[in-house]
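Hi,

Here is the structure I said I would pass on. Have a look at it first, and then read my notes below.

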Amino acid sequence: MDLPINKEEFDEIVDALCSEHWDFQKREFRNELYLKMKLVKKVMDENPDGPYKKILREKHGMIA
């Protein structure tokens, strides 16, 4: 799924999930979502011009 946000906006969302300002009722959901998004951010940072979707699918079993 492509999102209508740029890389800087995505990075801000990932950072916000780690902050204390977000108060989800289910902490487990928050942690799981944060870890997934952090992995996507890491792969995107390591492969700025590369096929990050392919890497996430083949190496980490993520599908869009």
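Let's start in helix α2, where K41 and D45 sit four residues apart, which puts about one helical turn between them. The two form a salt bridge, with the closest N and O atoms 3.1 Å apart. Before you go further, please keep in mind that this is a predicted model.

Now for the layout as a whole. The protein chain has three helices and zero strands, so read from the N terminus its elements simply go α-α-α. There are 64 residues in the chain, and buried ones make up 23% of them. The accessible surface is about 5400 Å², and carbon and sulfur atoms account for 53% of that. As for contacts between residues at least 6 apart in sequence, 33% of them join residues at least 24 apart.

Back to the charged side chains, which I enjoyed most. How many salt bridges are there? The count comes to five. In general, side chains of opposite charge can pair when their charged atoms come close.

Among the five is the one between K7 and D11, whose closest N and O atoms are 2.7 Å apart. Both residues belong to helix α1, which covers residues 7–18, and being four residues apart they are separated by about one helical turn. The contact between the side chains of D11 and K7 also shows up as a polar contact at 2.7 Å.

Is D11 buried or exposed? With a relative accessible area of 19%, D11 is buried, because the cut-off for buried is under 20%. Its partner K7 has 28% relative accessibility and counts as partly exposed.

D11 has another partner too: its side chain meets that of K41 in a salt bridge at 4.0 Å, N to O. What does this one tie together? D11 lies in helix α1 and K41 in helix α2 (residues 27–46), so the salt bridge links parts that are 30 residues apart in sequence. K41 counts as buried, at 15% relative accessibility.

That takes us back to the K41–D45 salt bridge from the start of this email. D45 has a relative accessible area of 40%, which makes it partly exposed. Put these together and you get a single network: K7, D11, K41 and D45 are joined by salt bridges that share partners. If you want to trace it on screen, go from K7 to D11, from D11 to K41, and from K41 to D45.

Next, the nonpolar side. In soluble globular proteins, nonpolar side chains tend to be buried together. Which residues form the largest nonpolar core here? There are 10 of them: F10, V14, L17, Y34, M37, V40, V43, M44, I55 and L56. The helices α1, α2 and α3 (52–60) each give two or more residues to this core. Helix α2 gives the most, with five.

One core residue to click on is L56. Leaving out residues up to four places away in sequence, L56 touches L39, V40, V43, G61 and M62. Two of the residues on that list, V40 and V43, are core members as well.

If you only have a minute, look at two things: the network of K7, D11, K41 and D45, and the nonpolar core to which α1, α2 and α3 each give two or more residues.

Cheers

Terms used: Residues numbered from 1 in each chain as written. Predicted model: local features only at pLDDT ≥ 70, side-chain atom pairs only at ≥ 80, totals over all residues. Heavy atoms only, no water. Buried < 20%, exposed > 50% of the residue type's maximum accessible area, 1.4 Å probe, protein only. Core = buried A, V, L, I, M, F, W, Y, C linked by side-chain atoms within 4.5 Å. Contact = heavy atoms within 4.5 Å. Polar contact = N/O pair within 3.5 Å; in protein donor to acceptor, adjacent residues only side chain to side chain. Areas by Shrake-Rupley, 256 points an atom, 1.4 Å probe, with all protein chains shown as cover.
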